[in-house]
Amino acid sequence: MTRKNTWAGLAVAVVLSLPLTACKDAKTLQENEQLKARVAELQKENGQSGNELETMTAARDALTKENEALKAQMKACKTKHSGKKATSRTRRRR
């Protein structure tokens with residue numbers, strides 16, 4: 001009689017645990033799909049950030065070259081006019 005009760009109890013436990021397991025699996029699958037979608041979004045954002053970084057790096061390099069050229073022009077202009085200083089007119093007090 002004890003064997004029948006043991007098997008019956010085991011069968012009831014298995015039967016009750018199946019819906020819980022199925023519920024957990026469905027919930028886990030749903031969470032998994034949400035996580036996959038989020039990972040895809042993050043990968044897309046990462047790709048866009050990489051493209052923006054490349055664009056900004058190219059722009060920075062171009063500005064650096066332009067800055068160096070302008071500095072060279074300023075230096076050339078300063079050396080041309082450094083010989084004489086223009087006299088300034090000042091007001092004299094009476």
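# A tour along helix H1

Start in the middle of the helix: arginine 38 and glutamate 41 sit three residues apart in helix H1, so about one helical turn separates them. Select both residues. Their side chains form a salt bridge, and the closest N and O atoms are 3.2 Å apart. Keep in mind that this is a predicted model.

Stay with this pair a moment. Side chains of opposite charge can pair when their charged atoms come close. Is arginine 38 buried, partly exposed or exposed? Arginine 38 counts as partly exposed, because its relative accessibility is 42% and the exposed class begins only over 50%. Now colour glutamate 41. Glutamate 41 is also partly exposed, with a relative accessible area of 42%.

**Next stop: the second bridge.** How many salt bridges does the structure hold? The count is two. For the other one, select arginine 60 and aspartate 61, whose side chains meet at 3.2 Å, N to O. Then check the cover around aspartate 61. Aspartate 61 has a relative accessible area of 35%, so this residue is partly exposed.

**Now go to the nonpolar patch.** Select Trp7, Leu10 and Val14. Together they make a nonpolar surface patch of about 340 Å². Click on valine 14 alone. Valine 14 belongs to helix H1, which runs over residues 2-81. Its relative accessible area is 42%, which means that valine 14 is partly exposed.

**Last, zoom out.** Show the whole chain as a cartoon. What does its secondary structure come to? You should find one helix and zero strands. Switch to a surface view. The accessible surface of the chain is about 9800 Å², and carbon and sulfur atoms account for 59% of this area. Finally, look for a buried core. Of the 94 residues in the chain, 0% count as buried.

Terms used: Residues are numbered from 1 along each chain as its sequence is written. This is a predicted model: local features need pLDDT of at least 70, side-chain atom pairs count only at pLDDT 80 or more; totals for chains, interfaces and linings use all residues. Side-chain values use heavy atoms; hydrogens and water are left out. Patches are made of residues with over 30% relative accessible area and no salt bridge: like charges are joined within 9 Å, nonpolar side chains (Val, Leu, Ile, Met, Phe, Trp, Tyr) within 5 Å. Accessible areas come from the Shrake-Rupley method with a 1.4 Å probe; for residues, only the protein chains shown count as cover. A salt bridge is a side-chain nitrogen of Lys or Arg within 4 Å of a carboxyl oxygen of Asp or Glu. Helices (H or I, at least four residues) and strands (E, at least two) are DSSP runs, numbered from the N terminus. Buried means under 20% relative accessible area, exposed over 50%, partly exposed in between (1.4 Å probe, protein chains only).
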